[in-house]
Each structure stands twice: as C-alpha cells, then as structure tokens.
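This briefing concerns the structure displayed below. It proceeds topic by topic, from sheets to helices to aromatic contacts.

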Amino acid sequence: MTFNHFIKTWISYPKENITKQVKATLNTTIYTYDRCPLELVRCIKHILYTEQRLIREATNSSSPVGGMMDSMSQKYQQINQVFEELRLLTQDTENDLRKLQHNQEYFIIQYQESLRIQAQLSSLATLPPSDRQLREPALLSKRATVEAWLTREANTLQKYRLDLAEKHQKTLQLLRKQQTIILDDELIQWKRRQQLAGNGGPPEGGLDILQSWCEKLAETIWQNRQQIRRAEHLRQQLPIPGPIEELLNELNSTITDIISALVTSTFIIEKQPPQVLKTQTKFAATVRLLVGGKLNVHMNPPQVKATIISEQQAKALLKNENTRNESSGEILNNNCVMEYHQTTGTLSAHFRNMSLKRIKRSDRRGAESVTEEKFTILFESQFSVGSNELVFQVKTLSLPVVVIVHGSQDNNATATVLWDNAFAEAGRVPFLVPDKVLWPQLCEAINMKYKAEVQSNRGLSEENLVFLAQKAFSSSSNNPDDYRSMTMTWSQFNRESLPGRNFTFWQWFDGVMELTKKHLKPHWNDGAILGFVNKQQAQDMLMSKPNGTFLLRFSDSEIGGITIAWVAENPNKAGERMVWNLMPYTTKDFSIRSLADRISDLNHLLFLYPDRPKDEVFAKYYTPPLCKKLCSNELQNC
C-alpha cells in the first residue's frame, strides 16, 4: 500500500472526531505535498492538535480551572497557528522565487537569442545586396517577434518581482507582529515572574516553549532573509528599471532589524546572581541565548564577560552613552565560554565561581544608606552569524543587586531588593521604583516573602495584616477597610524607626520571619502560634478563658522574639486574675532548648488558646525523656 493510498483510506473511515473540514484539508494536503511527505506529517500533526483542542474546549467549557487552562492553550494555539501561516507564506514565496528564477533564466536565453539575431543582421552588411534582401526580412521578422516577447516578458518579470516583494512585506509584517507577542509579552512576563520569584513567588517556569518559539522565529526570519538576498541577486543579474530596487533595500533593512531585535532580546539571564551580594563570597549565574542553536552560533562559541556597574552606569548604557571599560568593582572569574548542550539544544554560559573582590560606591544622597545603593551585573558578548554576514554585540543586565560587606547588612539589603522586585515596572529607567505604594500591594509582597521564607502554605491572615497595619501606621483600628486606600512610603518601611523603638517596620518583620523559619515552622504550620497579636489584645483574649490558658505572640519590643502570655491568679490579690508575659525567647534561647520543651517545662501552662490541652498540640515535638535528662545535666554542668 502506498503512502498516499494509506492516507486516503484513513480519511475514508467514518470517525466521529474528524470533521468534514479536516477531511477536506487532508485530501488537499495529499496532492499538495505529494513529493514532500515530511511536510504532510507536519500538517497532519497540526490538524490533530487542533482537533484535540476542540475536544478539550467542549469538555472543559463548564470548568473554571479548565477555562483557565484552555485560555492558555488558546493563546499557545494562536501563536502556533501564526507560525503555520508564516511557514506557508515562506513556502509560497520560495515557490514564487524559484518560478521567477526559472523565468528570468529563460528570459536571458531569449535575450541572448535577440543579440544573436542582431549580430546576424549586422553581418548582412558584408553580403551582396541580393543575398541580404533574401535573408533580411526573415531575420527582421524574427527579431521583432523576439523583442516583442522580451518586452512582454520584462513587464511580467517586473510584476513577478513586485508581487514577490509585496508577499515578503506581508510576511515581515506578520513576523514582526509574532515577534512582538513572543518577546514583548511572553518573554517579558517570564522575566517578571523571575523577578517575583526573587521575593518568594512561584518559579518562573522553564524556557523550553519560549526557546522553541524564538527558534521558529529565527528559522523563518533567516529563510526570508535568504530569499530577499536571492531576489536582490536576480535583480542585479537582470536590471529592469522600476521601484523594485528601493523595495528590496527596504525589505533587507526591515529583516535585518527584525533579526537584530530577536538576537539581542533573547540573550537572557536564566539564573540570576544573588540580589544581596556579599564581597569575597562565591556566587553563580547562567546566561543563555535562546536562538543560539538555530543560528549555529555554537560553531564558534562566543565568550561572555560579566561586569558590575552602578545604577547611573546602567542608565547611561541604556541611553547608548559611552561606558566602555567602566565598572564599579572587580569580579573574579568573570569570563565564560558559552557551551552548546546537544541533548537540550541550549546555548548557555554557566558562571560557577564568580566572586566580587571589591566594590566602588558612589556618593550617596541624603539619608540613603549603602544598603539602598543598587548595582547590576552586566553580561556582554559578541558573535556573528551567516559566515560573518551579521555581527551582534549583545548585552543584558541582571536584576538589581545590593552589595554588602558584612552579614549584619543583610536585613536592610533584603528590604531594598524586596521593594524593587515587588514594585518595579516593565521598561523602567534603572532602577526607579515608586517611593510609596498602597498598603494592600505591600501586604501581597510581604505575604509572598513570608510564605517563601518560612516554607509554609500558611500565609498571613487578614487579622495578621490588620495587626501589621496597626504597627506600621500607629493605628488602633481593627477594620481592614480602613487601610485599603492607605499608602506606605519607603521611609516608613525601612528608614524610619517605629514609634518608641530603635528598629524599622521591616527589621521587626524580618526578625519574625527569621525566628519562625529557624525554630518555629512546625508550630506555625500547626496553627499553634497566633504571633501577630499585641499585648493588649492578648490580655483581652485570655481574660475570658480559664486559668492556665496561654498563647504565643511575637514580641513588640525585641526583634526576632516570641513571648508566652497566660492567664492566672494574682498572687498578691486574692480572687483577682491577671495576664502574665514571659520575657521574649530568641534564636539564642531556642538553640539551647526548643519551644515545645520550654512549654512542657512550664507546668502552669495548661491550654493553648482557645481551649486545646497543650500536650495535644506540642507533645509530638517534646524531646524524649533520656535526651531531656542529658540536656538537663549538660545545662547544670555549664
């Protein structure tokens, strides 16, 4: 059975999922791609993909999750459909180009024939008049016929050329539109997800789909570029007066701009360097060229250089101002050759052992501290494609980094990074961020960070966020709506100390995250820690409960502290009850003895608020008795 016969037989089967339109398309496809079976396979694959999507749409139309998934599927389907349209357009112009070349070659043959006839006519002058009169009429008639044909064919060739140029214009318009969607929408969204991942957001996702799209763009652009160059070569072979020269120059300029934008935009940072960067500390980063494999850049692997530059230097760089040889520090091991990975088809450079040896700081403005100064790692390279036809200088900037020299600066540097990642706008001037943001926006950012740092699905509740708003704005309101339109400035966040304290809002919150991450995570996940409750609220909550009821709240007066508040009789006044508060426990305390064991030791603590027996909540975390005894002996020996 032949291949065509097999396909025709398959079409003849009555399949419920195959529409008449699909059958008709397949039927047409068989004859269109009779000599190109691989093209036929691609077409069938595309049709079956469309059929699957239609089935999914019918199945998931009533499901919200299905609808969301279908929305993404539909977006991807639209992109793939445009690629299919571009493929067909490129194939069409390739066929037209071959036809034009064939016609032009025949035209040149006929033109040579007209020259031969003209030469014969010229040679008649040497013949006797009788011979000339005998042969000249036939030659003149033949010359007239050929010249008339040449005139008609010249007009036809010019029309073919203009039609081909118009088709290329259409292809390039669609190419530019498709590239804009992929680079300015999809790739920018990936970069934004990467930035939010730095604040604890969900992973940005892989680059495989984006790379496949970018490679298809590169392949289609290069095919059209070669076609335009061949059309220009045909024009040079046979110049015919008309507007075609200007059109071809315009097409060549447009396609060069398109491929330049593609290459420079797809030189990206796959793995960002740490945004809080400590001097004399090893760090890593990975850069990748999404179109490297398709453009055969790996045949002569380019070298990538990493340099640290300041915010001002980054601004100048984006304005194309001369910043050559300028840097704001010295990075060791800052050169790396891009490697091509055959299995994944990726071209990337892995900087594994970079280290910032020194940093050169600029003059700071006003109250700005060293932990508010932003730098960036500039990655740059140069490579050529198409036998050095095009040479590209590519550069990309990392997310902002804050350079510290001591671990004590980490807290404030993290605040700068958090604010920048959360509130940076696409296409901004490096590295501008708003000075103030709406409180709900900040809540979203710190909740994301909290869940990521504590590695918990239990985030900050609305009650927790109200408590934080009260702390941030020195307010007593318990109504969440009162804070929805309020704004918080950067100074309120991490420059000005909280009233009556020697630390900022962020420093207090970061201390809570650190303590919870290191020592309290299981108890936070169990819901055993209320945490975000002030002293007065704790008293009001406990006074309505039986003696021995306790709760755990984060200390107001100390960074990274948690205290136990409980209700009991007042020993100095019979019949009176009061709420007691222990001195806050810190990381230092919990490195000696765990929270669960400390609660076990305190016999007057009976019920975790509101009414849960403490052993029911904490017993699974108690240290076994033998270990308790050993720990107790060690403490006594100390």
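Four strands make up an open, antiparallel sheet in the order E6-E4-E9-E10. The model is a predicted one. A second open sheet contains five strands, ordered E16-E15-E14-E17-E18, and its pairing is mixed.

**The four-stranded sheet**

- The edges of this sheet are occupied by E6 and strand E10 (390-397); each has a single partner strand, so one side of each is left without a neighbour in the sheet.
- On average, and with direction ignored, neighbouring strands of this sheet are turned by 25 degrees against each other.
- Helix H7 (residues 244-265) packs on the sheet and touches E9 and E10. The direction of H7 makes about 40 degrees with that of E10.

**Strand E4 and its partners**

- Strand E4 covers residues 303-310, and six of its eight residues are buried, so the strand is largely enclosed by the rest of the structure.
- Towards strand E6 (residues 335-337), E4 runs antiparallel and is joined by three bridges. Within this pairing, Val-304 has Cys-336 of E6 as its bridge partner.
- Towards strand E9 (residues 375-385), E4 is also antiparallel, with six bridges joining the two.
- Two of the positions facing E9 may be named: Lys-305 stands opposite Glu-380, and Ala-306 stands opposite Phe-379.
- In a regular strand, side chains alternate between the two faces of the sheet.

**The five-stranded sheet**

- Strand E16 (577-581) and strand E18 (612-613) lie at the edges of the mixed sheet; each has a single partner strand, so one side of each is left without a neighbour in the sheet.
- Strand E15 (residues 562-569) pairs with E16 in the antiparallel sense over five bridges. Glu-569 stands opposite Arg-577 in E16.
- Helix H14 (residues 535-542) packs on this sheet, where it touches E14, E15 and E16. Its direction makes about 165 degrees with that of E14.
- Helix H13 lies across strand E14 (549-554) and E15, and runs at about 120 degrees to E14.

**Helix H13: a kinked helix**

- H13 comprises residues 505-525, 21 residues in total, yet its end C-alpha atoms are only 24 Å apart. A straight helix would reach 30 Å at 1.5 Å a residue.
- At His-519, H13 has a kink of about 85 degrees, shortly before the proline Pro-522.
- Gly-527, just after H13, takes a positive phi of about 80 degrees.

**Helix H5 and the surroundings of Leu-150**

- H5 spans residues 129-197. Its 69 residues should span 102 Å at 1.5 Å a residue, and the end C-alpha atoms are 95 Å apart, which agrees.
- A bend of about 35 degrees is found in H5 at Glu-136, and the proline Pro-137 follows within four residues.
- Leu-150 is located in H5. Its relative accessible area is 9%, under the 20% cut-off, so Leu-150 counts as buried.
- Not counting residues up to four places away in sequence, Leu-150 touches Phe-107, Gln-110, Tyr-111 and Ser-114.
- Ser-114 is 36 residues from Leu-150 in sequence, and the C-alpha atoms of the two are 8.8 Å apart in space.

**Aromatic pairs**

- The count of aromatic pairs comes to 26.
- One of these pairs is Phe-351 with Phe-379: the ring centres are 5.4 Å apart and the planes lie at 55 degrees, so the pair is tilted.
- This pair links distant parts of the chain, with Phe-351 in strand E8 (residues 346-359) and Phe-379 in strand E9, 28 residues apart.
- Phe-351 is buried at 2% relative accessibility, and Phe-379 is buried at 0%.
- Trp-419 and Phe-493 form a tilted aromatic pair, with 5.3 Å from centre to centre and 45 degrees between the planes.
- The pair of Trp-419 and Phe-493 also links distant parts of the chain: Trp-419 belongs to helix H9 (residues 410-423) and Phe-493 to helix H12 (residues 490-494), 74 residues apart.
- Trp-419 counts as buried at 3% relative accessibility, and Phe-493 counts as buried at 0%.

How values were computed
Residues numbered from 1 in each chain as written. Predicted model: local features only at pLDDT ≥ 70, side-chain atom pairs only at ≥ 80, totals over all residues. Heavy atoms only, no water. Buried < 20%, exposed > 50% of the residue type's maximum accessible area, 1.4 Å probe, protein only. Pairing = 2+ DSSP bridges. Expected span 1.5 Å × (residues − 1). Bend = angle between axes of the 7 residues up to and from the residue. Contact = heavy atoms within 4.5 Å. Axes fitted to C-alpha atoms, helices over the stretch in contact; angles between N-to-C directions. Phe/Tyr/Trp six-rings, centres within 6.5 Å; stacked < 30°, edge-to-face > 60°.
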